[in-house]
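I opened this notebook page to keep track of what I looked up, and in what order. The structure goes in first, and the entries come after it.

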Amino acid sequence: MKYKKIVAPSILSANFSKMDREIDEINKSGAQWIHFDVMDGSFVPPITFGDKMLKDLKPLSGLVMDVHLMVEHPQTQVKSFIEAGADYLTFHVEVCRHSHGLLTTIRECGCKAGISIVPSTPIDSIRELLPFCDLVLVMTVNPGFGGQKMISSMLKKVQSLQKIREEEFLDFLISIDGGVNLNTLAQVKEVGPDVLVTGSAFFSAEDKGQFVEKLLQ
Ligand code: DX5
Ligand code: ZN
């Protein structure tokens with residue numbers, strides 16, 4: 001099976017009081033992307049940070065900035081996140097009435113466009129959107145918190161997406177988010193998503209380089 005191998009540590013699990021050093025740890029780890037979990041206290045209970053966090057951290061890393069908007073009104077946020085330096089900007093289909101329009105806007109602004117689905121949302125609900133996506137983010141936990149247990153049955157969605165991608169000659173990346181750690185790695189590798197988001201496992205790893213290497217193997 002051919003797939004990209006990208007590791008995207010999520011700064012949700014970083015220590016916000018020393019973000020420059022945390023970014024440095026990611027830079028040195030061998031990970032290729034940095035995942036930004038933006039939460040608004042409405043789509044999910046917690047509030048994390050907005051575009052200013054990205055704008056301030058962008059100069060500290062040459063890695064790909066992968067923004068995951070867990071917000072109720074993504075259409076009001078996309079422009080400011082793109083200006084702040086997002087390379088990939090992903091929003092949830094569950095909150096957007098005109099997802100095709102928003103994906104198109106993101107691409108027109110020169111950014112890669114992503115769509116995400118929570119565990120209860122089937123692949124069918126994004127079927128028509130796939131030709132307009134650069135990334136599909138499959139949530140393998142319910143969004144809102146780091147450190148949750150992976151809902152392994154969600155990995156089937158990765159296989160369904162791979163099948164559609166191949167049959168229809170599409171080229172979006174498939175990312176999984178939630179519960180990726182050394183205990184779940186074997187089942188994850190079996191399906192082979194392109195991007196592995198990892199929050200708590202990355203930041204609690206003593207040797208982050210070694211941890212990333214295991215994910216990339
Ligand atoms: C959850 C976030 C995830 C989170 C993953 O809502 O979207 O990106 O940081 O954290 P872990 O890897 O700890 O499950
Ligand atoms: Zn995320």
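The entries below cover the charged side-chain pairs and then the metal site.

Entry 1, the model. I note at the outset that this is a predicted model, and I read every distance and angle below with that in mind.

Entry 2, salt bridges overall. I looked up how many salt bridges the structure holds, and the count is seven. I then went through three of them, including the pair D24 and K28.

Entry 3, D24 and K28. These two side chains meet in a salt bridge with an N to O distance of 3.8 Å, which falls inside the 4 Å cut-off. I asked why the two residues are about one helical turn apart. They are separated in that way because they sit four residues apart in helix α1, which spans residues 19–29. I also checked accessibility: D24 is partly exposed at 37%, whereas K28 is exposed at 62%.

Entry 4, R107 and D134. Here the N to O distance of the salt bridge is 3.0 Å. The pair links distant parts of the chain, with R107 in helix α4 (residues 99–108) and D134, 27 residues away, in the loop between β5 (112–117) and β6 (135–139). For R107 I found a relative accessible area of 34%, hence partly exposed, while D134 has 13% and counts as buried, since the limit for buried is under 20%.

Entry 5, R165 and D194. In this salt bridge the closest N and O atoms are 2.9 Å apart. R165 belongs to helix α5 (residues 155–167) and D194 to the loop between α6 (185–191) and β8 (195–198), so the pair ties together parts 29 residues apart in sequence. I looked up whether these residues are buried or exposed, and both R165 and D194 are buried.

Entry 6, the zinc ion (ligand 2). I listed the coordinating residues as H35 (NE2), D37 (OD), H68 (ND1) and D177 (OD), with distances of 2.0 to 2.3 Å. Along the chain these donors follow the spacing H-x1-D-x30-H-x108-D. Two of them, D37 in strand β2 (residues 33–39) and D177 in strand β7 (residues 173–177), are 140 residues apart and link distant parts of the chain. D37 and D177 are each buried.

Entry 7, geometry at the zinc ion. I asked why the arrangement is octahedral. It is assigned so because the six donor atoms subtend angles of 68 to 167°. For comparison I wrote down that ideal angles for six octahedral donors are 90 or 180 degrees.

Conventions:
Residues are numbered from 1 along each chain as its sequence is written. Chains are lettered from A and ligands numbered from 1 in the order in which they are written. This is a predicted model: local features need pLDDT of at least 70, side-chain atom pairs count only at pLDDT 80 or more; totals for chains, interfaces and linings use all residues. Side-chain values use heavy atoms; hydrogens and water are left out. Buried means under 20% relative accessible area, exposed over 50%, partly exposed in between (1.4 Å probe, protein chains only). Donors are N, O and S atoms within 2.8 Å of the metal (3.2 Å for Na, K and Ca); water is not among the atoms, so sites may look incomplete. Four donors count as tetrahedral if all angles lie between 85 and 135 degrees; four count as square planar and six as octahedral if opposite donors are over 155 degrees apart and all others between 65 and 115; anything else is irregular.
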